[in-house]
Amino acid sequence: KPRPEGAGRSLQKIEVLDIQNHITTKYDSISAAALALNIRISTISIYFARNQKLYKNQYRFKKV
């Protein structure tokens, strides 16, 4: 059954900077980034909630 337009949460695009390799990657959603980095979605959400600077001294997340 199709969902009505506007139902549910919209996707939050994020940008991930790997400061060790100087590579920036854009993802269409937090879940896509979590899958690519092999971490939990909640880990990224907590990162934003706590205004952390770096995740594991390697990644910087930014909402776009």
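**Entry 1: a lysine over a ring**

I began with Lys63, which in this predicted model lies over the face of Phe48, at 4.9 Å from the ring centre. That made me look up the surroundings of Phe48, and I found that Phe48 and Phe61 are both buried.

**Entry 2: aromatic pairs**

I then searched the whole structure for aromatic pairs, and the search returned four. Tyr47 and Phe48 form an edge-to-face pair, with 5.4 Å centre to centre and 80° between the planes. I checked the cover of these residues and noted that Tyr47 is buried, as is Phe48. Phe48 also forms an aromatic pair with Phe61, and this one is tilted, at 6.5 Å centre to centre with 55° between the planes. I recorded that the pair links distant parts of the chain, since Phe48 belongs to helix α2 (residues 41–49) and Phe61 to strand β3 (residues 59–63), 13 residues apart. Following the ring pairs onward, I arrived at a cluster made up of Tyr47, Phe48, Tyr55 and Phe61.

**Entry 3: the chain as a whole**

I next wrote down the order of the elements, which from the N terminus on is β-β-α-α-β, with two helices and three strands in the chain. Of the 64 residues, 28% count as buried. The chain exposes about 5,200 Å², and carbon and sulfur atoms supply 48% of that area. For contacts with a separation of 6 or more, I noted that 36% are accounted for by residues 24 or more positions apart.

**Entry 4: strand β1 and its partners**

I turned to β1, which is mostly covered, with four of its five residues buried. On pairing, I found that β1 and β2 are antiparallel over five bridges, and that five bridges also join β1 to β3, again in an antiparallel arrangement. As one position in each pairing, I noted Asp18 opposite Ile23 in β2, and Leu17 with Arg60 as its bridge partner in β3. The hairpin of β1 and β2 has four residues between the strands, and in this hairpin His22 takes a positive phi near 55°.

**Entry 5: Ile19 in the loop**

Is Ile19, in the loop after β1, buried, partly exposed or exposed? I placed Ile19 in the loop between β1 (14–18) and β2 (23–27), and I read its relative accessible area as 28%; because buried requires under 20% and exposed over 50%, Ile19 is partly exposed. Beyond its neighbours within four places in sequence, Ile19 is in contact with Leu54, Asn57 and Gln58. For Gln58, which is 39 residues from Ile19 along the chain, I noted a separation of 5.5 Å between the C-alpha atoms of the two residues.

**Entry 6: helix α1**

Last, I listed the buried residues of helix α1 (residues 30–37), which are Ile30, Ala33, Ala34 and Leu37. Seen down the helix axis, the buried residues of α1 fall within an arc of 100°, so they line one face of the helix. I set beside this the general point that an α-helix has 3.6 residues a turn, so residues three or four places apart point the same way. I then asked what the buried residues of α1 pack against, and the elements I found were β1, β2, α2 and β3. Just after α1, I noted that Asn38 takes a positive phi of about 60°.

Terms used
Residues numbered from 1 in each chain as written. Predicted model: local features only at pLDDT ≥ 70, side-chain atom pairs only at ≥ 80, totals over all residues. Heavy atoms only, no water. Phe/Tyr/Trp six-rings, centres within 6.5 Å; stacked < 30°, edge-to-face > 60°. Buried < 20%, exposed > 50% of the residue type's maximum accessible area, 1.4 Å probe, protein only. Lys NZ or Arg CZ within 6 Å of the ring centre and 35° of its normal. Contact = heavy atoms within 4.5 Å. Areas by Shrake-Rupley, 256 points an atom, 1.4 Å probe, with all protein chains shown as cover. Arc of directions from axis to C-beta. Pairing = 2+ DSSP bridges.
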